[in-house]
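Dear colleague,

Please find below the structure that I agreed to pass on to you. My findings follow it.

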Amino acid sequence: MAKVKGLRWYILALVAVGTVINYLDRNVLGILAPQLKDELHFSTEQYSYIVAAFGFCYAFMQPVAGYVIDFLKLRLGFFIFALAWGLACALHAFAGGWQSMAGFRALLGISEAGAIPSAVKTATVWFPPQERSVAAGWVTTGSSIGAMIAPPLVIWLSLTWGWQAAFMTTGLMAVGMAFVWLLLYRDPERHHRLSSQEHDHILGGQGTEPLSKPSLGNVLGQRKFWAIAAARFLTEPAWQTFSFWIPLYMISTRGMDIKQFALFAWLPFLGSDLGCILGGYLSPLLVKLFNMTRVNSRIAVVGVGAVCMVGPGLLGLVSSPISAILLFSLGAFAHGMLSSLLYALVTDVFEKQDVATATGFGGMAGYLGGTLFSLLLGQLASTVGYEPLFVCLSVFDIVAFLVVAAVLGERRHKATSLAPTTARIG
């Protein structure tokens, strides 16, 4: 069978497509929220409960999903989760009120929890350590690409065939992706189209010892994990705000209608894409230019992202809706940068057999933080306004950087040896 040059990048693209569809499916609700509030007759506070139903289920399912993927392996694990979340998304079309919508969101949260652990596990299994920040950066762009294409696609589907069609169409896309994954994906040891040269390159620096079974103790017993989990808890509120609250804010507070919003809603998620990609390449560049250790280079990029999160904190100072969108875009750029590097840190700290489990527990911490912040928005947005709460997002990211730097920062200089790469620095 003919070998495929650079097969690891094609595998990364495959899981990134899955991440795109995953975030497309979860963002349908936020985009249609102004319309659904009218048609299904729920309040802003009840909307926050719908968001929380997804968030809590997603949070507590993340470590379970990560462990399941480590146990079942990537091919079968990701297939099961993708098939389930596609069906759950399609079920949203049958909601008749906020309670049933919350129930379907809970099902979506349970099933979507497997996507990010699968993506990070793919970057770990298919890439040597020196390329993983680049791989994590590219695969993390799937989340923002999905969120970026969602507004025009979902609004078009809704205006053309109704809001039910938006949920049905995007859900069926995930079902199709599940079967494509099952057909095309194999681990490096079993992929007949992987050349021996690339196989050796992937294994460079990974070690050749047989992998033990995934262990919760290995994950939860590490102080470094708790630092990453704390950082995820503090930084995830920003992403949930961008995903679920920007449409309501821009339409109810900034006076945009849904068609105007569709023209500009993709900009924050383009910013997130740029942050993911730039962050992935900036880490190895810092290693090369300043002889940083790999871990310290990751932390430095998290710091850059934390500083850029000033954008949402300045929203109260601008009056133009376009200026508000641009400040959200700066915040999304910041989140993309620091989020992708937090995932890269997981691949540095944990063994391959524990990566998905560690990612899942970190995701649980992140979505708990994001869900609690969404509930706070639902309670206070109509009284104190959105802008004071957006200031918190800027503060949270600075604190997250300080925690990661204090716990994971390597105090003594360590020489970092970079193995040669074929097509990209990493």
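Two residues are said to be in contact when heavy atoms of theirs lie within 4.5 Å. Please bear in mind throughout that this is a predicted model.

On that footing, Thr347 touches Val120, Thr124 and Arg132, leaving aside residues up to four places away in sequence. Thr347 belongs to helix H16, which covers residues 321-349. The relative accessible area of Thr347 is 4%, and because buried means under 20%, Thr347 counts as buried. As for Pro284, its C-alpha is 15 Å in space from that of Thr347, and the two residues are 63 apart in sequence.

Turning to the protein as a whole, the model holds 18 helices and 0 strands. Its radius of gyration is 21 Å, close to the 22 Å that the globule rule gives for 426 residues, and the protein is therefore as compact as a globular protein of that length. The C-alpha trace spans about 60 × 45 × 35 Å along its principal axes.

Of the 426 residues, 60% count as buried. Among contacts between residues at least 6 apart in sequence, 86% join residues at least 24 apart.

With regard to the surface, the accessible area of the protein comes to about 16,100 Å², and carbon and sulfur atoms account for 68% of it. The protein carries 27 positive and 21 negative charges, and the mean positions of these two sets are 8 Å apart.

Yours sincerely

Notes:
Residues numbered from 1 in each chain as written. Predicted model: local features only at pLDDT ≥ 70, side-chain atom pairs only at ≥ 80, totals over all residues. Heavy atoms only, no water. Helix = DSSP H or I, 4+ residues; strand = E, 2+ residues; numbered from the N terminus. Buried < 20%, exposed > 50% of the residue type's maximum accessible area, 1.4 Å probe, protein only. Rg over C-alpha atoms; globule rule 2.2 N^0.38 Å. Areas by Shrake-Rupley, 256 points an atom, 1.4 Å probe, with all protein chains shown as cover. Lys, Arg positive; Asp, Glu negative; His and termini not counted. Charge placed at Lys NZ, Arg CZ, Asp CG, Glu CD.
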